[in-house]
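Student: I keep meeting labels for residues and I'd like to know how each one is earned. Can we go through some together?
Tutor: Sure, bring up the structure and ask away.

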Amino acid sequence: MCGIVGYTGSRDAVDVLLSGLQKLEYRGYDSAGIAVMKDAGIELRRSVGKLNNLTMEILKRPLSAHTGIGHTRWATHGRPSEQNAHPHMEGGVAVVHNGIIENYLVLKDELKASGAVFKSETDTEILSHLIQRATAEGLCLADAVRSAVKRIKGTFALLALSEKEPGTIIGARLECPMIVGVGENETIISSDIPAILDVTRKAIFLHDGDIVSITGGEVEITDFEGHAVDRKETNINWSPVMAEKGGYRHFMLKEIFEQPRAVTDTFRGQVLEEKGEVFFDGFDIDLSSVKRIYIIACGTSWHAALTGKYIFEDFCSIPTEVDLASEFRYRNPLVGESTLVIAISQSGETADTLAAVKEAKRKGATVISICNVMESSLTRETDWTFMTHAGPEIGVASTKAFTTQLTALYLLALYFGQTLGTLDAGRIKELIQELIKIPKKIETILDSADYIEALARRYFHYRDFIYIGRGINFPIALEGALKLKEISYIHAEGYAAGEMKHGPIALIDEEMPVVAIAPRDATYPKMLGNMEEVHARLGSIIAVVSEGDTEASTRADDLITIPVTSVYLTPILVTVPLQVLAYHIAVQKGTDVAQPRNLAKSVTVE
Ligand code: M6R
């Protein structure tokens, strides 16, 4: 985790760094800091807590410069404190770092033995010492960084600044993202795209093992051995406005409301409605040799993966397993050349997912991905990528990325069914038409956001919640519960409704609201039975049902209705009101929706 940003050019670097850090704050927010190059040397400002504290600190002790680096932290080694905040300075060298240095204790002992004095508990401080020593021995900053990264084991995106080379910033990356934004006589470097958009839309995505040197508008990339490396420049089609809140109180709410657009953009160009066909550009994997599918992901993306199992098995008759990426890599999954692995990740930078992908490739599997960030590590690791078009997702709680992942899985399964002949043409056409209607149906649900907000006012004081669903909507019960717990800190569990009687039902009493997902599908009568069981034990029920439902109201205390659609698309529609409910419950509770405690958006460490 952590966000890093660096700038060199004619603008005020302090403004650029603060604005960049603000866009990266979703990556961590327990402390922040900047280091800028002044005539008299490097000046540092650091502050514990949110970025706002750093801004206040800079207002108290103003600063301006044309070159500088900044950092927003999600603590791994060393508690959140000013001392542990980055940048770390040592004798005229300042360093910011995202990642983990695994051998830092060994190096720390070695450095201490030769006289180094450490001021923080972080692993990063090793880097400032190593780089400073190398520059003191006469190496230029780029070579000093090169020598330091060769000594460390672990993962990093780092930036270094040295008083000996005032207008230059050196960056290095290994398994953590780093993007260079190329402007006119200016360059910005950052962990993620939104932070560069105010300066430029021309980007170079660095690869593992790259070392970059930026001075004004000059960019030079080499490898760890010092050989020149050529990386292509890409035009980013995200606008700065897409990365702004646009009048909404929180990014999460904005992103919930963007879903009709995000889902449309995700299927646009992939379906030929008239012909009733799904079309994928550049997909040349031989599906006839695929005997098993594995879908791997973490968190919300894993919930999307779980729905994928239902769709792939029904549409293409291929046995489909779903695994948490963090589990997959530490067991011995039965993966081989006839296995197709689908990795799902919004960011494309989740460490567990990337490691699982590498493991699957090592075992000979073909690996494709579903991802929202172009040129991210995942898209580079995998044989083919379905790009979702959610646009930048800044909210820590994933919303539009999830519904676009569901859309992507649906399209992939349709395409597989079409290619393998397991779905007939008429059925494909019907399923495409249903998908095309989904954005309008999401809009209808969003029209009832005020009603859901009123529900939130009635339910926000409960301490626990249970979410139940069956079949393809069981994963949505898990997702609904995750949304609630991550932003409101209310304890919430998702269960397959049929499991209630095997234990969880013991929890039901008047203090336990139950969110029952019960659209009209084959499991509907069973869901009514589950609602009866809760009702009989005095639990309150909020039921999510299909429009026109008359039966559920006799068991439920409150109803949320969704438009009728194909069962395979109900997860998208059910998800939306659950996001709105979680959001408003959190707002009622007064928790920090933008920066939920202990979380970071992109988990680039194990
Ligand atoms: O970027 P990814 O999709 O790989 O992220 C996976 C999870 O870290 C992420 O979904 C997380 O669970 C979110 N906080 C969910 O809202």
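Student: Why is Phe 280 called buried?
Tutor: This is a predicted model, so the value is computed from it. Phe 280 has 6% relative accessibility, and buried means under 20%, so Phe 280 counts as buried.

Student: What about Trp 384, buried or exposed?
Tutor: Buried, because its relative accessible area is 11% and the cut-off is under 20%.

Student: What makes Phe 280 and Trp 384 an aromatic pair, and why is the pair called tilted?
Tutor: Their centres are 5.3 Å apart, and rings pair if the centres lie within 6.5 Å. The planes are at 35°; under 30 degrees would be stacked and over 60 edge-to-face, so this pair is tilted.

Student: Where in the chain do the two partners sit?
Tutor: Phe 280 is in the loop between β16 (277-278) and β17 (292-297), while Trp 384 is in strand β21 (residues 384-387). They are 104 residues apart, so the pair links distant parts of the chain. Both also belong to one aromatic cluster, together with Phe 283, Phe 312, Phe 386, Tyr 415 and Phe 416.

Student: Why are Phe 465 and Tyr 467 a tilted pair too?
Tutor: Their ring centres are 6.3 Å apart, which is within the 6.5 Å cut-off. Their planes meet at 35°, so "tilted" is the right word. Phe 465 and Tyr 467 are both buried as well.

Student: Which core has those two among the residues with the most contacts inside it?
Tutor: The largest nonpolar core, which has 91 residues. Phe 312, Phe 315, Ile 342 and Phe 416 are also on that list. Helix α17 (residues 570-589) gives the most to this core, with twelve residues. At least three residues come from each of domain 2 (252-437) and domain 3 (448-589).

Student: What makes Glu 258 and Lys 254 a salt bridge?
Tutor: Their side chains meet at 3.2 Å, N to O, and the limit is within 4 Å, so they qualify. Glu 258 is buried because its relative accessible area is 16%, under the 20% limit. Lys 254 is buried at 8%.

Student: Why does Lys 108 have no salt bridge?
Tutor: The nearest side chain of opposite charge, Glu 125, is 5.8 Å away. A salt bridge needs a nitrogen and an oxygen within 4 Å, so that one misses the cut-off. Lys 108 is buried all the same, and lies in helix α3 (residues 104-113). Leaving aside neighbours within four places in sequence, Lys 108 is in contact with Phe 118, Ser 120, Glu 121 and Ile 126.

Student: How do you know that Glu 434 and Lys 437 are about one helical turn apart?
Tutor: They are three residues apart in helix α13 (residues 425-447), so about one turn separates them. They form a salt bridge too, with the closest N and O atoms 3.6 Å apart.

Student: Why is Lys 437 only called partly exposed?
Tutor: Lys 437 has 40% relative accessibility. Buried is under 20% and exposed is over 50%, so 40% falls in between.

Student: And what makes Gly 68 buried?
Tutor: Its relative accessible area is 0%, and that is under 20%, so Gly 68 is buried. You'll find Gly 68 in strand β4 (residues 67-73).

Conventions:
Residues are numbered from 1 along each chain as its sequence is written. This is a predicted model: local features need pLDDT of at least 70, side-chain atom pairs count only at pLDDT 80 or more; totals for chains, interfaces and linings use all residues. Side-chain values use heavy atoms; hydrogens and water are left out. A nonpolar core is a set of buried Ala, Val, Leu, Ile, Met, Phe, Trp, Tyr and Cys residues joined through side-chain atoms within 4.5 Å. Buried means under 20% relative accessible area, exposed over 50%, partly exposed in between (1.4 Å probe, protein chains only). Helices (H or I, at least four residues) and strands (E, at least two) are DSSP runs, numbered from the N terminus. Domain bounds come from an automatic or database domain assignment. Lys and Arg count as positive and Asp and Glu as negative; His and the chain ends are not counted. Contact means heavy atoms within 4.5 Å. Rings of Phe, Tyr and Trp (its six-membered ring) pair if their centres lie within 6.5 Å; planes under 30 degrees apart count as stacked, over 60 as edge-to-face and the rest as tilted.
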